[in-house]
Amino acid sequence: MPEGALEIDRISKRYGDVVALDEMSLTVRSGEMLGFVGSNGAGKTTTMRIALGVLAADSGEVRYDDAPVDRTIRSRIGYMPEERGLYPKMKVLDQLQYLGELHGMERAEANRAANRWTERLELSERRDDQLQKLSLGNQQRVQLAAALIHDPAVLILDEPFSGLDPVAVEVMSTVLGEMRDRGVPVVFSSHQLELVQRLCDRVGIVRRGRMIADGTVEELRSSGPVRLNVHAPKAPDDWAEGLPGVKVESHQNGHTTLRLDEQADDQQVLRAALDTGPVHEFSRTRPSLTELFREAVTEEPDE
Ligand SMILES: Nc1ncnc2c1ncn2[C@@H]1O[C@H](COP(=O)(O)OP(=O)(O)OP(=O)(O)O)[C@@H](O)[C@H]1O
């Protein structure tokens with residue numbers, strides 16, 4: 001494993017009868033930003049809390065740099081929890097400085113870092129305000145500053161972009177990109193798929209406590225189902241029914257979209273189309289990333 005990688009290796013976690021994680025595995029390498037997506041309750045927060053060590057797994061292991069994550073390594077993780085846990089009545093700068101000191105920084109060093117991060121996150125004007133006086137978006141920027149204050153070696157962020165306006169999204173994504181470029185592995189969960197697609201080097205899709213797909217955007221797209229667009233103007237509505245491995249997704253005015261699984265033979269489909277008359281279009285497409293995500297994150301009804 002390359003230096004500085006965070007590896008989550010087959011962790012499982014149950015809450016009574018609820019299986020929250022079922023051998024979940026995930027690796028974030030140094031200098032890589034990974035988007036962690038899945039429907040509500042899929043297991044993202046549980047995975048992140050176990051990686052941070054605030055929750056124990058029933059089995060499996062979390063490693064950083066090939067060594068099991070212990071107290072020392074944990075203190076080098078920057079974490080942004082989903083339930084934003086700062087002190088509402090404390091002033092922004094005091095709060096960040098205090099958190100820095102809790103991480104073992106000298107007071108002056110923590111003060112410098114608090115000033116630097118508030119400036120970088122465009123919060124300089126709000127340094128002396130109580131956190132509760134800030135807008136939600138600005139409170140979230142303070143949360144990010146809190147995760148960054150001690151110059152973390154790993155960043156784990158639970159829905160850092162939720163509820164942010166486009167300007168705040170830009171500020172936050174630029175800062176995360178800078179951390180990644182400095183070699184820090186960055187993992188964040190999100191339901192904002194376009195953002196994940198735009199920002200992330202890799203994407204992990206989780207469903208029911210398991211990682212069901214993991215790769216670059218291009219890898220995921222090329223592993224998705226093949227679709228065929230066929231334009232056969234004389235074809236009756238049911239021309240493709242019964243072809244092995246073929247599902248008709250739509251058929252209108254001679255334009256048919258078919259979804260092919262591995263058993264499907266596209267040449268057989270072409271012959272069937274030609275049997276109906278002329279074929280003006282016969283093209284293969286891969287699903288867009290958003291389509292892939294939608295399919296993957298949509299919970300199937302319980303079997
Ligand atoms: N403390 C708990 N007690 C019981 N069940 C829990 C507890 N925490 C989580 N769960 C269950 O574990 C599963 C995974 O939850 P988790 O919060 O990790 O999902 P998530 O992917 O982060 O969801 P969301 O997108 O809604 O934040 C869910 O079924 C949830 O109900």
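Two strands are taken as paired if DSSP finds at least two bridges between them. On this criterion, six strands of the predicted model form an open sheet in the order β6-β7-β8-β3-β9-β10, with mixed pairing. The edges of the sheet are formed by β6 (77-80) and β10 (210-215), each of which pairs on one side only. From one strand to the next, the twist averages 15°. Within this sheet, strand β7 (residues 154-157) and strand β8 (residues 186-189) run parallel and are joined by three bridges; L157 has F188 of β8 as its bridge partner.

Helices pack on this six-stranded sheet. Helix α5 (residues 136-148) touches β6 and β7, and its direction makes about 160° with that of β6. Helix α6 (residues 166-181) lies across β3 (33-37), β7 and β8, and runs at about 145° to β8.

The protein chain as a whole contains ten helices and 14 strands. Its C-alpha trace spans about 80 × 40 × 35 Å along the principal axes. Of the 303 residues in the chain, 35% are buried. Among contacts between residues at least 6 apart in sequence, 70% join residues at least 24 apart. The domain assignment divides the chain into domain 1 (6-221) and domain 2 (225-285), and the C-alpha centres of domain 1 and domain 2 are separated by 45 Å.

Another open sheet is made of four strands in the order β12-β13-β11-β14, with antiparallel pairing. Here β12 (246-252) and β14 (281-285) are the edge strands, each pairing on one side only. Neighbouring strands of the four-stranded sheet are turned against each other by 20° on average, direction ignored. The pairing of β12 with strand β13 (residues 255-260) is antiparallel and extends over six bridges, and K247 stands opposite R259 in β13. Helix α9 (residues 266-274) lies across β11 (226-231), β12, β13 and β14, at about 15° to β11.

Towards the start of the chain, strand β1 (residues 6-15) pairs with β2 in the antiparallel sense over seven bridges. In this pairing, L6 stands opposite V28 in β2. The two strands β1 and β2 form a hairpin with two residues between them, and G16 in the turn has a positive phi of about 60°.

The surroundings of the ligand were also examined. The shell around the ligand consists of Y15, V18, A20, G38, N40, G41, A42, G43, K44, T45, T46 and E82. The elements that give two or more residues to this shell are β2 (18-28) and α1 (44-52). Of the contributing elements, α1 gives the most, with three residues. By residue class, the shell around the ligand comprises four nonpolar, six polar and two charged residues.

Terms used:
Residues are numbered from 1 along each chain as its sequence is written. This is a predicted model: local features need pLDDT of at least 70, side-chain atom pairs count only at pLDDT 80 or more; totals for chains, interfaces and linings use all residues. A residue is near a molecule or strand if its C-beta atom, placed from the backbone, lies within 6 Å of it. Ala, Val, Leu, Ile, Met, Phe, Trp, Tyr, Cys and Pro count as nonpolar, Asp, Glu, Lys and Arg as charged, and the others, Gly among them, as polar. Domain bounds come from an automatic or database domain assignment. Axes are lines fitted to C-alpha atoms, for helices over the stretch in contact, and angles run from 0 to 180 degrees between N-to-C directions. Two residues are in contact if their C-beta atoms, placed from the backbone, lie within 7 Å. A residue is buried if 20 or more other C-beta atoms lie within 10 Å of its own, exposed if 12 or fewer, and partly exposed in between; C-beta atoms are placed from the backbone.
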